[in-house]
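Subject: Structure handover

Hi,

Here is the structure you were waiting for. Please open it alongside this note. My findings follow below.

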Amino acid sequence: MTPTMTRHPSAQRAGRDGFPQVLHAEWTKFRSVRAWVLGMVAAALMMVLVALLAGISSDQRGSPAVPVGPDGGPVTDSFSFVHRPLTGDGSITVSVSALRSSIATGLANLRPASVPWAKAGLILKGDTRQGSPYAAIMVTGAHGVRMQHNYVNDTAGPSGSVSWLRLDRSGDAITGYASADGTHWTKVSTVQVKGLGPTAQGGLFVASPSSVDGMGTVPSVSTAVFGDLRSQGRWAGGNWTGDQVGPESPSFPGYPRNTSGSFPGSDGRFTVTGSGDIAPAVRLALATGGTLGEILTGTFAALITVIVVGTRFITAEYREGMIHVTLAASPRRSRVLAAKAIVLGAVTFVAGLAGSAVAIPLGERLARANGVYLFPVTFSAQLRIAFGTAALLAAASILALAVGTIFRRGAGAVTSVVAAIVLPYILFAQVPFLPAGVSNVLARVTPAAAFAVQQTLVPYRQVTSVYTPYNGYYPMTPWAGFAVLAGYAVVSLAVAAVVLRRRDA
């Protein structure tokens, strides 16, 4: 009888103190404090409100339309083009004897300079509209021979000296060749280009993208000399036509007037001068473009709110002395902390997901109604951004809970977590003059790396730009960036559990 009575109370106590009961107690505690519940509601509403205000305040109606490539993405498509129509299959061959580049100084003149992605070569393009499909083979300022097509695709050619180029069309298949002597040819690549149509425009081109420094871009201009131009197939017309694809004429100071597409051909040589680029559009090249990350700028305000709630969820018990009651009811202190983390993380995740789910479509609609171009994203990327933002807020709230457990004081905990997440984010995402190296380090090693879950822009190796978080390019992949914050939260929670077990509550 006695052993039975001894075991029975123990079983009852285990049932009352089981983890589900502790979890339920912490949930009841959270929802019973109106300020905490209202804080989570406010965090979600802040995301929606900021998206609403950003959409209303942005008005770019009347801005020039953004050229769109075959894959639906924004492109830069501006260059000098000496061309003739090619009906059906055919080929074109040329030698390139010079490629010289200069950059604008801002004083209505140019100075010689290296432009690594200056391009001169042969191109077959559906037509002269910006964004039409194309394939091209080219020499570049510092990247050797390249075969590029449809703006986003780039293939390196042979190393060593190359002064001859050839482009062959067979249906939708376009093949590029390079040669050092015009006799022995090396195949660079064969690509499939849909949409060229039965008659394509083919010929010589020169493009010269802007030179990039730490603060922005500087226009450039390049000139190439072509010779021994030969063609096979049904090339219409007897003369080559020089045109500027894209803007009528580059307008920066120092650009030589009336030279785009000019070619003194008395000796059979063509001299072509051009500016611009044929490439996917990146942020600096498309200053008017917006991103979903900017629509979710309200995440910044929501973050501060959930940090405050997260610290208060534990520090309020220290301040009011209720922590003694909590730990007396459940002596296994790490279990109490785990229950608090689960409740807080779940509530914050739901609030963040609700805010994102409303803010994203609302912000998109208002931005487009006001003529703002948004960099396109896939549906899966939208889901990643919405769920990633919710996870970011949840992890931040758990980090705040852990730091609050260690500090026991709300003010110190809030200040520490804000300094760890918000301050680095302000530095690398809002300060334009922060050196790129420093910006990328902060976006890798601080908890603010988690903002990478909101990125939608893709850097391209064939486009020189300032790829920093300030311009929407993070040095880590979205979930790798989130993992940095999650790591900080897990380690801090482990330290908090040790501290909670060892010291007198």
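First, a term you will need: a helix axis here is a line fitted to C-alpha atoms over the stretch in contact, and angles between axes run from 0 to 180 degrees between N-to-C directions. Please also keep in mind that this is a predicted model.

**The chain overall**

The protein chain has 505 residues, and 50% of them count as buried. It holds 11 helices and 19 strands. About 22,100 Å² of the chain is exposed. Carbon and sulfur atoms supply 60% of that area. Take the contacts between residues at least 6 apart in sequence: 75% of them join residues at least 24 apart.

**H2 against H7**

Helix H2 spans residues 19–32, and helix H7 spans residues 333–369. Their axes come within 9 Å and cross at roughly 50°. Angles of 65 to 115 degrees count as roughly perpendicular and those under 35 as roughly parallel, so H2 is oblique to H7. The crossing of the two helices is right-handed.

Which residues make the contact of H2 with H7? From H2 come Phe19, Val22, Leu23, Glu26, Trp27, Lys29 and Phe30. They meet Arg335, Val336, Ala338, Ala339, Lys340, Ile342, Val343, Leu344 and Val347 in H7. By class, this contact has 12 nonpolar residues, 4 charged and no polar ones.

**H2 against H5**

H2 also meets helix H5, residues 299–320. The axes of H2 and H5 come within 12 Å and cross at roughly 105°. That angle makes H2 roughly perpendicular to H5. On the H2 side, the contact uses Glu26, Lys29 and Phe30. On the H5 side, it uses Val309, Phe313 and Glu317. The split is 3 nonpolar and 3 charged residues, with no polar ones.

Glu26, Lys29 and Phe30 deserve a look in the viewer. They appear in the contact with H7 and in the contact with H5.

**Ser102**

Ser102 lies in strand S2, which covers residues 79–104. Is Ser102 buried or exposed? Its relative accessibility is 17%, so Ser102 counts as buried; the cut-off for buried is under 20%.

What does Ser102 touch, leaving aside its neighbours within four places in sequence? Its contacts are Leu110, Arg111, Pro112, Ala113, Ser220 and Val221.

Best wishes

How values were computed
Residues are numbered from 1 along each chain as its sequence is written. This is a predicted model: local features need pLDDT of at least 70, side-chain atom pairs count only at pLDDT 80 or more; totals for chains, interfaces and linings use all residues. Side-chain values use heavy atoms; hydrogens and water are left out. Helices (H or I, at least four residues) and strands (E, at least two) are DSSP runs, numbered from the N terminus. Angles under 35 degrees count as roughly parallel, over 145 as roughly antiparallel, 65 to 115 as roughly perpendicular and the rest as oblique. A crossing is left-handed if the near helix is turned anticlockwise from the far one by less than a right angle, and right-handed if clockwise. Contact means heavy atoms within 4.5 Å. Ala, Val, Leu, Ile, Met, Phe, Trp, Tyr, Cys and Pro count as nonpolar, Asp, Glu, Lys and Arg as charged, and the others, Gly among them, as polar. Buried means under 20% relative accessible area, exposed over 50%, partly exposed in between (1.4 Å probe, protein chains only). Accessible areas come from the Shrake-Rupley method with a 1.4 Å probe; for residues, only the protein chains shown count as cover.
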